[in-house]
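The following exercises concern a protein chain and its predicted model. Please examine the sequence and the coordinates before turning to the solutions.

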Amino acid sequence: MKDVADMPAVPVIPPAPRDYHGVNWTGATTLYLKEVKRFWKVGMQTLAAPVLNALLYLLIFAVALRGRAAVDGFSFAVFITPGMIMMSILNAAFANSSSSLMQAKMMGLTQDFLTAPLSPLEQVCAFALGAATRGIAVGVVTAIAVRFFVPYGVTHWWAVIYFGLMASLMMGMIGMVAGLWAEKFDHLAAVTTFIVMPLSMLSGTFYTIDRLPTVARVLSHYNPFYYAIAGFRYGVIGLDDGSLGLAAAVVAGLTAVMAAICYWLFETGYRLKS
């Protein structure tokens, strides 16, 4: 038998990295499904909790003011229903992407998607669509649950779909920025408490801005959540609380700006790469 040392050396060639021409659909889809399965496994927390929250708001405001409040010919319960659904969408989309990136950084799992053959654009799309999926899912479940207590219909489906989708993408990417910026969960909680929640509560969900003082009415037009809720309310009950064209443009424009910022953050590896 030949001695092992006398055997000719065979060079070991490492496998070449897989070359993707165009979009890496396999990798992007896998990352997207990971985001969806992440929130789906804890459905009681991610889907049921927002529904309960919306129903409690209805109980407090609608029942307490039953028969004593009407807005532009609509009962108060019907008036606040679109805003409650949109608030659920916005908060769920933000929570999904921000918590996902924060957990990945804290647990050292960022290499799972940084080392994969995914471009920054593919990473942004996967995280944003994952957040939008959770937002839309929460919105649908909330709308169905509220329908048992508040009789409402849909007036303009195109507006419901457009503002629901664009708002969930917008908040998903805002959550991505927050998740990348935050260095600990306290930072993320501060963003939610001092930015997201005030903008949500002061977005015209429970009132029309034409009833506000002049200064407050002007400031409301700088709140992007106001445009998302106003457009969604138009789609559900047909009430236009402002310029519908401006609302559509603001939501689309902010979504595009956040997409560009997220792309830059992933391309530079901001707080992802040492």
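Three exercises with worked solutions follow.

**Exercise 1.** Determine how many helices and strands the protein chain contains and in what pattern they follow along the sequence.

*Solution.* The assignment for this predicted model gives ten helices and two strands. Reading along the sequence then yields the pattern α-α-β-β-α-α-α-α-α-α-α-α. As for contacts between residues at least 6 apart in sequence, 82% join residues at least 24 apart.

**Exercise 2.** Identify the residues with the most contacts inside the largest nonpolar core, and state which helix supplies the largest share of this core.

*Solution.* Begin with burial: 45% of the 274 residues count as buried. The largest nonpolar core has 51 residues, and Met86, Phe163 and Met171 have the most contacts inside it. At least two core residues each come from α2, α3, α5, α6, α7, α9 and α10. The largest share, 14 residues, is supplied by α3. Next, take Met86 and set aside its neighbours within four places in sequence: contacts remain with Phe163, Gly164, Ala167, Ala228, Ile229 and Phe232. Finally, there is a second, separate core of 21 residues, with Ala28, Leu114, Met173 and Phe266 among them.

**Exercise 3.** Find which residues ring pairs link into a cluster, and which rings have an arginine over them.

*Solution.* A search of the whole structure returns eight aromatic pairs. Ring pairs join Phe113, Phe127 and Phe266 into a cluster. Turning to arginine, the charged end of Arg233 is placed over the ring of Phe79, 4.0 Å from its centre. Arg147 lies over the face of Tyr152, with 5.9 Å to the ring centre.

Conventions. Residues numbered from 1 in each chain as written. Predicted model: local features only at pLDDT ≥ 70, side-chain atom pairs only at ≥ 80, totals over all residues. Heavy atoms only, no water. Helix = DSSP H or I, 4+ residues; strand = E, 2+ residues; numbered from the N terminus. Buried < 20%, exposed > 50% of the residue type's maximum accessible area, 1.4 Å probe, protein only. Contact = heavy atoms within 4.5 Å. Phe/Tyr/Trp six-rings, centres within 6.5 Å; stacked < 30°, edge-to-face > 60°. Lys NZ or Arg CZ within 6 Å of the ring centre and 35° of its normal. Core = buried A, V, L, I, M, F, W, Y, C linked by side-chain atoms within 4.5 Å.
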